[in-house]
Amino acid sequence: MVDMRYADPALCPDCRSDLTRGVDACPTCGLVLRHPLAVELFGTLHHADDLVAALRVASTTPAGPVPAQAAAPAPSAAPPGLPVVPPLPPLPPVRSGIGFGWVPKILLGLGALFLLVAAITFLAVAWSHLGVGGRTAVLLAFTGAAGAAALLLHRFDLRVAGESLIVVALGLLGLDVVGAGTAGWFGHHSNATIATATGIVLFAAGTATGLLRVAGRPRLVAPQVIAGIGLATADLGSLGITSHGLLASHTWVLLGGAAAVLARRTGLPALAWSTAGAAGLAWTIGILGGLTLSLENPTFHELWVDGTGWSLLASAAALVVPGLVLRDRELVRWGTSAAALVVTGTLAVPCVDTSARTIELVALLITMGWTAALALLPRLLRPAAIAPAAIGAILLAALQLVTAGIAVERWWHAVERPVRAAGDHFGGAAAVTEPLLTVPSLLVVLVAVALLLPADSSGRRAWPTWAAAGGLVAGAGGAVTIASYDVPVLYAVIALVLTAVAASLLALAADGGRQLGFGLAALGAAAAAVATGIAWPVLAAAAAAAALAVTGALHLRARSTDLRVLAGLLVPVSLATLVEAVAAVVALDEAWRAVPVLASVGVLAIARARVEIEVPAALAGTLCAVPAIAEAADPAGSLALHLTVAGFLVAATALVNDHRRDAAWAGGALLFLASWVRLADLGVHAPEPYTLPLAAALLGIGVWRLRESPEATTAATLTPGLLLATVPSLLWMLDEPTSLRALLLGLGAVAMAVTGSALRWSAPLVVGACVGAAIVLRELGPYAGDAPAWAWMGLGGALLVVVGVTWERRLLEVRHAVGLLGRLR
């Protein structure tokens, strides 16, 4: 017997459609689920389930039928004469994967896209070969057929299919207008006029179709969205018709806003949102156009006589209107904040025509003013200062990035000198901004961030912590300021090292999120110190030693797990940099510098075998080995040497650390790679001699693992060996699709698929199928290009639409069947 329930939270109580967790209404019938009546209905249905369960138990009890007066027991107790009903089993877990209802949506959406692209391609290719009558027939036939099919499918409750095809119909309608305008049926007009007309037609048609009800079905949503797209298209097209672009943008803002208000009052939320979006686009175009004109000629006459400034003020005032219309106090506050930002920018436009130093000073003063307002205004008015303070802080930070970029350029100028010494100075281009404003600007940005972030539960802010952060910011800004003048590079390195040490001490003394923040600052300052002095071996060694001390202390002593891991990632890098710099100071040959680096980071990884140490140690050793091998007189011998050292270290960590026993295989593989280098010297260039032996070994280990461990899966044990055996040969086969390698690889793929099917192993089946499909598609590629592109797209779109309609129809039949069974029960 199938256990079906009336109260099923995964099904709609009206149409029995699938429901996902957290929805407010049924996506099929629109039944409201977040309502007191819905809660009462669910309780009633649950009570009905209890009655059915009791009746089922009574039907199997030899005591006889249940009396009629016992048919409505109290929910808390079983009726007289009936046994106690056992509790119902727990509800099934909600499925987290993609629901069945999404399948037709994906298929039909993709099919509609294919049909539109195919129609555009067909018209572009065949338009010149059709006469006026043929063009008219094609346009009207395509549009009418799509529209009629959409309404008919919607009439039979296939809403997804109706939504998809109405998109095709309205898209073809837009193509009709474009084609008619291009062909000159209504006179010769510019492209902007045609775009405007197309947008107006789509807006009107989308609105009319969105208002239409077919046999009492819910209104279609896609036409309402397309109406907003049409309004936006008309707005963009009108910019090329009139020379008063600002006035046109304000007009479209009014029209879009009015349409959104009317749509909201008539119960068309999709139309309201789409037209509001079109109005927002028109507002954006208007304000960007006003700013562009103002910046091109930032004078008093341009702003307040020619009207650009008044246009910007009108755009600012428009930001407050939505909140007033919707009577939303929060929206009014945020609109006021954005309006204050626009007004501030308008008043500050004349300073753009001055130097960058003046712009930075004006930005600093304005941001200081709004930051002070953010701190001193009453709570009710404080949101008005948020946007100007935030944007001002962003602008100041951007200007400091410019200053830092010029400082980096000056550092690079010092690096490029043929002969470098520890006392080298910064040089190159002078700073564009004012370096002395770097530290004050960064401090103002920090205060603004502190005020913009929410306070704690008591409404207070940890100002001592922010003061400590201000000291660190001042240290980093001081290094940028130093680099902006012709002073020794050593001074900037010292400033960054001191900042890193201070930040690490603050991190070790703090806890929680503050420790993580100070620790990140310490790691960043240490990395910047190493990067600044990396070109000078003595400075690099000193900075790397300080960085190693900072990262080591944080890795060993920090209480935050995240900070310990992050610091551990930089410990091997700092050690490798230190060893490399010391080797450069003692003038060790570049071809041999990677050996001590490999040894040092390898010993570190053996002594502290953690992932955060081992991974960067391997990367650092590899990055140091590559240039050393390139500088060697015998690259092959150098590569074999470095592979041998790396293999020895990996095997040693497997012997020393019990939890790294599996690393012995990696050590053996590295030692095996050294022998492959000798094979390359002997002229072996095909991949199979390299890959197949190791693939066979991996497959043998995987099969042994499957035999020894019944819970092991083929995906985990056999996939590495199968990929190593097939992917390199597949990459070579792509260049030679008709070679013997392709034939053998194809036979191997078939054998893997057959073997996987016979043994019920997923890994060989999937890998064999994928490799075989890649081979077949590579062989088909040259011939598929002979057919026209639009034919393939049209065929694919039609197939997707047919499959999608069929799927939705079958899904609807299943839902009706479930509802029927529920009523029969």
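In this predicted model, the largest nonpolar core has 38 residues, and Phe426, Val489, Phe518, Trp536, Leu554 and Leu563 touch the most other members. Two or more residues come from each of the helices H14 (386-415), H16 (463-483), H17 (489-509), H18 (512-533), H19 (537-557) and H20. The most generous of these contributors is H17, with 9 residues. Such an arrangement can be read against a general tendency: in soluble globular proteins, nonpolar side chains tend to be buried together.

Leucine 554 offers a good way into this region. Beyond its neighbours within four places in sequence, leucine 554 is in contact with Ser504, Ala507, Leu508, Gly519, Ala522, Leu523, Leu563, Arg564 and Ala567. Apart from the largest core lies another, of 16 residues, with Val579, Val601, Ile613 and Ala617 among its members.

The contact between leucine 554 and serine 504 can also be followed from the serine side. Serine 504 sits in helix H17 and, leaving aside neighbours within four places in sequence, is in contact with Ala522, Val550 and Leu554. Serine 504 is classed as buried because its relative accessible area is 7%, under the 20% cut-off. Between the C-alpha atoms of serine 504 and alanine 553 there are 8.1 Å in space, although 49 residues separate the two in sequence.

A second view of the interior comes from helix H5. This helix covers residues 191-211, 21 in number, and reaches 30 Å from its first C-alpha to its last, close to the 30 Å expected at 1.5 Å a residue. Its buried residues are Ala192, Ile194, Thr196, Thr198, Gly199, Leu202, Ala205, Gly206, Thr207, Thr209 and Gly210. Threonine 207, in H5, is in contact with Ala227 and Leu271 once neighbours within four places in sequence are set aside. From threonine 207 to alanine 263 the C-alpha distance is 9.3 Å, with their positions 56 residues apart in sequence.

Not every nonpolar side chain is hidden. Val538, Val582, Val585, Val586, Leu588, Trp592 and Leu641 make a nonpolar surface patch of about 610 Å². Valine 586 belongs to the loop between helix H20 (561-585) and helix H21 (594-607). With a relative accessible area of 58%, valine 586 counts as exposed, because that value is over 50%.

Charged pairs add a further set of links, and the structure holds 4 salt bridges. Among them, arginine 333 pairs with glutamate 330, their closest N and O atoms being 3.2 Å apart. Both residues belong to helix H12 (residues 329-348), where 3 residues, about one turn of the helix, separate them. Glutamate 330 is partly exposed, at 40% relative accessibility.

Another salt bridge joins the side chains of arginine 357 and glutamate 434 at 3.1 Å, N to O. This pair links distant parts of the chain, 77 residues apart: arginine 357 in helix H13 (residues 356-376) and glutamate 434 in the loop between H14 and helix H15 (438-452). Arginine 357 is partly exposed, at 37% relative accessible area.

In the bridge between aspartate 486 and arginine 410, the closest N and O atoms are 2.6 Å apart. Aspartate 486 is in the loop between H16 and H17 and arginine 410 in helix H14, so the pair ties together parts 76 residues apart in sequence. Aspartate 486 is exposed, at 56% relative accessibility, whereas arginine 410 is buried, at 3%.

Across the chain, there are 30 helices and 0 strands, and buried residues make up 39% of the 825 residues.

Terms used. Residues numbered from 1 in each chain as written. Predicted model: local features only at pLDDT ≥ 70, side-chain atom pairs only at ≥ 80, totals over all residues. Heavy atoms only, no water. Helix = DSSP H or I, 4+ residues; strand = E, 2+ residues; numbered from the N terminus. Expected span 1.5 Å × (residues − 1). Buried < 20%, exposed > 50% of the residue type's maximum accessible area, 1.4 Å probe, protein only. Patch = residues over 30% accessible without salt bridge, like charges linked within 9 Å, V, L, I, M, F, W, Y side chains within 5 Å. Areas by Shrake-Rupley, 256 points an atom, 1.4 Å probe, with all protein chains shown as cover. Core = buried A, V, L, I, M, F, W, Y, C linked by side-chain atoms within 4.5 Å. Contact = heavy atoms within 4.5 Å.
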